[in-house]
There are 2 protein chains.
Amino acid sequence: MSKPVYNFCAGPAMLPKEVMATAQQEFVNWNQQGCSVMEISHRSQDYLDVAYQAERDLRELMNIPDDYAVLFMHGGGRGQFASVPLNLLPENRVADYILTGSWSKSALTEAQRFGDVNIAAETYKKDGLGSVLPFEQWQLSKNAAYVHYCPNETVDGIEFDYIPETDKPLIADMSSCILSKEIDVSKFGLIYAGAQKNIGPSGLAIVIVRKDLIGKARAQTPSIFDYSVQLNSESMFNTPPTYAWYLAGLVFKWLKQQGGVKAIEQRNKEKAALLYQFIDNNAFYQNRVETRYRSKMNVPFYLKDENLNTAFLQDSKAQGLLALKGHRSVGGMRASIYNAMPLEGVQALVDFMQDFANKNG
Amino acid sequence: MSKPVYNFCAGPAMLPKEVMATAQQEFVNWNQQGCSVMEISHRSQDYLDVAYQAERDLRELMNIPDDYAVLFMHGGGRGQFASVPLNLLPENRVADYILTGSWSKSALTEAQRFGDVNIAAETYKKDGLGSVLPFEQWQLSKNAAYVHYCPNETVDGIEFDYIPETDKPLIADMSSCILSKEIDVSKFGLIYAGAQKNIGPSGLAIVIVRKDLIGKARAQTPSIFDYSVQLNSESMFNTPPTYAWYLAGLVFKWLKQQGGVKAIEQRNKEKAALLYQFIDNNAFYQNRVETRYRSKMNVPFYLKDENLNTAFLQDSKAQGLLALKGHRSVGGMRASIYNAMPLEGVQALVDFMQDFANKNG
């Protein structure tokens, strides 16, 4: 193709070009074995080397303390919506959920099936803009087993700029922001992420959990969702999604080559600044999130004239700018600019948006 | 590589060479989109076309009646060990489990966590050989919610040569025999299979379930394991393992090109006959399963002199014959010869085994 293609899909999202090139090159003859890495036993030493290396690289990238387990699990983020209460919410306790958008709401809905859940903060708008209820207004339970929140709302484009301080285990759905910026893992009880945004293909979830929280799963927890079972079997109680795990490992290596999370965070800031500044300076487009809470990963925006939506999507696709349609629940447009999206991709988007505004303004 | 490599791994297993070649060729530019099929939204029309086509092809291959749902789920076969009782075993009922080896035992163990389970048939040996307890000796419950069995035991190399007749819904773990021979789906209440043997890469489970059995899941079933939720969302309640689903679709297309299940069944019979006949005619090797119940997919065998095991594995690997080590729970050797294994691969194995016996006998 003559012109580069940039894929702004919210997930399954684009993976780094270099990772995909490597994976393609060794697709049918991995490690000079004469077969694919997806065709070898998860219990073979060759595969274990891949799996362990991926965990080591992730630990290094996120500076994960030794008293935290790293689990590679089936079921994606929604699997964890169930796994978290099944493992961490005893039947006589309550869990606090913080609502900030679509995904924290879905996590709450699933948790309510398993036990007593308190909505400590409802979704919140400030002056008509998406925002986060101020922390001092949260109605946290005195005896909560944990506090659950979603630091980055993929659909709503809302991102926390702080880590809530609570004396309860803090549980974070980091599906769309993991590895996008430096965080202090020790402030969390558990972090989970569906892989298909910043890590790899769909079908894999990564769980980072303080080990002392493990071992209290309910009797009827499906074994593959039991953190204790998965910890004791090194995430191989059943056959893991081996190819997704391998690709995640390639992404971790790539991230290290980019300079690690600190470097990618800087790049992510530049990418987001470029796009938000353009939107703010162009009356043709609008973002509807309070500046402070704007996501650096998912940038939802609206055309002032929504009648132009179809033309915008057609023209952008023709220019090799893919998957800009907003989530069906909120409409408009959305540019997901995860780690794998280069600055040039955001620049190409801004250039297109300027052209489109000029032609249709 | 000058010499062809044949991979006898029990799972994740080899996929058809033609499928892997296609997948590699379009890995980074699928359907002329400028990106990978693993990088597009599961809700895009392009992906839905892939997903629906895969289901249609599977329905055609297995002649699945319209009153059966086909679900593409997370969690592999072990996920279904929990999903089956969660969805089909009411709290006041009992489920019958038929034990024939390692996997049916594991299914039983998981089901016991969720309810009342009756072992209707224990594992059984006949004259010291692996076998199946005769049907007329099964202790089936009068009021069972279902009868669960494993038609092909991957570890033990035991395969049913009949479908049990029962007036209760019959549930079959077909992970290692699905699509390997013609079956009458209408005789089953539910069929499930982890993908990583005869379908695609690990991380995907396929469930074929009579629709009238759906809708009675326990209140605390994780949503992604609820057949009703998955049916109503066309297996897209959460992001499915999209790349595995795509590869499964390529395998289904390949199977159709091979002449469908009837043709592959004939080839599988030839492959198995070649290997078993060789073993039976060579005192150097031994299979320990009653002839009638020998698996056509997984052929476990032992060297008469087990001191030669290491040499056998080293030499076979050097000849490009991979992953012949038996399951750690039973030792010895195992050749898994799923649909993707060509007759030439089995011939190469037999030739090697003859050479090895000549040299070491």
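**Exercise 1.** Find which residue of S16(A) is the bridge partner of Asn298(A), then place both strands in their sheet.

*Solution.* Start with the pair itself: Asn298(A) has Ser336(A) as its bridge partner in S16(A). Next, zoom out to the strands (DSSP runs of E, at least two residues, numbered from the N terminus). S14 (residues 298–303) of chain A pairs with S16(A) in the antiparallel sense over four bridges; pairing takes at least two DSSP bridges. Now the whole sheet: it's open, has three strands, and runs S13-S14-S16 (chain A) with antiparallel pairing. S13 (285–286) and S16 (333–336) of chain A each have a single partner strand, so one side of each is left without a neighbour in the sheet.

A word on the model: it is predicted, so local features need pLDDT of at least 70 and side-chain atom pairs 80 or more, while totals for chains, interfaces and linings use all residues. Residues count from 1 along each chain as written, chains are lettered from A and ligands numbered from 1 in written order, and side-chain values use heavy atoms, leaving out hydrogens and water.

**Exercise 2.** Work out how many residues of chain B are in contact with chain A, and what area the two bury.

*Solution.* Count contacts (heavy atoms within 4.5 Å): 62 residues of chain B meet 62 of chain A. Then take the buried area (accessible area, 1.4 Å probe, lost on being put together, summed over both): about 4,700 Å², 56% of it on carbon and sulfur atoms. Finally, Gln24(B), Glu39(B) and Arg113(B) supply 13% of the area chain B buries against chain A, more than any other three residues.
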